Amino acid sequence: MIEQIWFPLVITLKIAVLSTLVVAVVGVVISYVLARRDFKGKWLADILVTLPLVLPPTVTGYLLVVLLGRNGALGNIIYNLTGWSILFTWEAAVIAAFIVSLPLMVKTTAAAIEAVDREFEYAAFTLGRKELETALFITLPLARKGILAGIVLSFARAVGEFGATLMVAGNIPGRTNTMSLSIYSAFQGGNNELANMLVIILVVISLLSMAITAKLVNTWKV
Amino acid sequence: MGMRVDFRKRYYRKKSDRKKNIEAAFTLDAKFEVGDELVVLFGRSGSGKTTALQCISGLLEPNGGKIVVNGKVYFDCHKRIDLPVQERSLGYVFQNYALFPHMDVKKNIAYGLKGWSSEEKEKRVNKMLQLLHIEGLENNYPSQLSGGQKQRVALARALAPKPDVLLLDEPFSALDMVVRMKLREKIKQIQRELGIPVLFITHNHVEAFTIADKVVIFHDGRVQQLGTPEEVFYHPKNYHVAELVGMTNIFDAVVRAVDVPSGTVLLKSEEMLIRVKDSGLKEGETTSWGIRPENLRILQEEETGTQEKNIFNATVKSIVNKGSSKLIALEIKEHKKLLIAEVANQFFENIQLDTGNACKVAIDRSRVVVF
């Protein structure tokens, strides 16, 4: 039983941590651009980023399969270059988690950046600081509560990801059976004892990440 | 060296209006030239003062014209020069201070000292703390400071990188009277010491009068008058300026007669006849005249020759206490025109007026401004 718990736990955390790291970096950049820049087709970019939030995860998963499959636009290039087929690997699960959690990160972070008074940025400009420096040392630190909230939401979403992961990574025991997928399998197979353990662990992880965040935010004055 | 400013900035109701050549909803036409002195930009909110400051600083891009500060071209539409804010070497103090809330006072002040060694930074920050009398606050965060202290830190931060020009956008509007007065003195002193042009926005005319070397009056996006405080307050060029500088008694008039030998002109505002000094007016011409409320005289005793001296019988309609003085609304008996007089409390105690009382009011012709 310990092995039936240990592998899903490790693979889930690995997928969630990796996808959250990428979401944090990519999400902050996209959020800043959406919040502070005006460009043609901004509305379209906004819709594209938000889309996975409203699409059923199975649809997102299906579209990813089409894109990443050996005959898909992106999958084909990867296969020809490396001979590696990305579908049904844990890396595919990272991509699925990334896509479904990105809108949560961007929506939360963009709102936080928009809420930063532009006068702080103008003040930094008049003090000789360029936009990149200002973004890194003024705007983002002042939006950090929103950024952290986005990261926590994205992590939670990645840990709980089910539908899209099932589509692109399958539920291959010992390879891609994440916690959520394992709970489903255990429940289907009538192994209630295992399902209970997995559920308890997931609830504990979720509560811990919330508690740590709340503690951290409380020590921040701004 | 001072600064030379001559630019336009247009605002449209919709972005597409500009391409369609639809007239702009608001046009700022800023044109003035000042030296290394303390210049007050004065006008109502919405008159274009802040827009002017933002164009000079480079936070906004004008639609055309030229801005030169201390011989350095900041903006030139024809030569396609538009120096980025970062390279304009200016200190800007915002209305709400805009102190970085996540940095302590020391870090705030040092933020503009890019490329300085940590030793030089330390020295400069200490000098600024001393200059603005905020030693001991360096480790505090902005949320731990009073309004006056915040403003001092904002000034220190703006001055630390040794700017060529200092821009202040209604810096004292959120402060109480005593703190305001102290900081006004401080700004004046700093301007004298540094010898750089300082532009100071306010809509408070006491502030404009007490602090300025020069006043630039804005109304409806245009510079109406530029001059010393005495010039603009006592010799306003037009109706808008007169109203802005607190001339509460302004009337339209027609020239009835010009008496060249005595240098007197007789003006008629509806039923009211008034004699003023000849300023080259012609008979039949329409004009306006005004007198400041503190220049109206309320008379205690009978004076003779009332017609010649612009003395009128009046009734007191209301008395408003302003603290150190009183505003008295007077209705002239013959033609019901309303005048507002401002009387110092000390003098008011002597005349003992009450609402409904009758009195006499004198409009000294030497104090009347015709525009």
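**Exercise 1. Find the residue in S20(B) that is the bridge partner of Asn313(B), and place the pair in its two strands.**

Solution. Start with the pair itself: Asn313(B) has Lys360(B) as its bridge partner in S20(B). Next, place the pair in its strands, where a strand is a DSSP run of E with at least two residues, a helix is a DSSP run of H or I with at least four residues, and both are numbered from the N terminus. Strand S17 of chain B covers residues 311–321 and strand S20 of chain B covers residues 358–362, and the two run antiparallel, joined by five bridges. Two strands are said to pair if DSSP finds at least two bridges between them. A further partnership involving S20(B) is that of Ile311(B) with Ala362(B).

The model is predicted, so local features need pLDDT of at least 70 and side-chain atom pairs count only at pLDDT 80 or more, while totals for chains, interfaces and linings use all residues. Residues are numbered from 1 along each chain as its sequence is written, chains are lettered from A and ligands numbered from 1 in the order in which they are written, and side-chain values use heavy atoms, with hydrogens and water left out.

**Exercise 2. Work out the strand order of the open sheet that contains S16, S20, S17, S18 and S19 of chain B, and say which strands stand at its edges.**

Solution. First, write down the order: the five strands of this open sheet in chain B follow one another as S16-S20-S17-S18-S19, with antiparallel pairing. Then look at the ends: strand S16 (297–299) and strand S19 (338–344) of chain B each have a single partner strand, so one side of each is left without a neighbour in the sheet. From one strand to the next the twist averages 45°, an angle between N-to-C directions on a scale from 0 to 180 degrees, with each axis a line fitted to C-alpha atoms.

Now follow the edge strand S16(B) inwards: three bridges pair S16(B) with S20(B) in the antiparallel sense, and Ile298(B) has Val361(B) as its bridge partner in S20(B). Finally, consider the surroundings of S20(B): four of its five residues are buried (under 20% relative accessible area, with exposed meaning over 50% and partly exposed in between, for a 1.4 Å probe and protein chains only), so S20(B) is largely enclosed by the rest of the structure.

**Exercise 3. Describe the open sheet of chain B that contains S14 and S21, beginning with its strand order.**

Solution. The order of the five strands is S14-S13-S12-S15-S21, and the pairing is antiparallel. Strand S14 (272–277) and strand S21 (369–370) of chain B are the edge strands, and each has a single partner strand, so one side of each is left without a neighbour in the sheet. To see how the S14 edge is held, note that six bridges join strand S13 (residues 264–269) of chain B to S14(B), the two running antiparallel. One of the partnerships is that of Ser269(B) with Met272(B) in S14(B).

**Exercise 4. For Ala98(B) and Asp220(B), find the sign of phi and decide whether each residue is buried or exposed.**

Solution. Begin with the background: most residues other than glycine have a negative phi. Ala98(B) is not a glycine, yet its phi is positive, at about 55°. Ala98(B) sits in the loop between strand S7 (90–93) and helix H3 (105–110) of chain B, and with 3% relative accessibility it counts as buried.

Asp220(B) likewise has a positive phi, near 55°. Asp220(B) belongs to the loop between strand S10 (214–219) and strand S11 (222–227) of chain B, but its relative accessible area of 56% makes it exposed.

**Exercise 5. State how many helices and strands each chain has, and give the extent and buried share of each chain.**

Solution. Take chain A first: its secondary structure comes to eleven helices and zero strands. The C-alpha trace of chain A spans about 65 × 45 × 30 Å along its principal axes, and buried residues make up 45% of its 222 residues.

Chain B, by comparison, has ten helices and 21 strands. The C-alpha trace of chain B spans about 80 × 55 × 40 Å along its principal axes, and 50% of its 371 residues count as buried.
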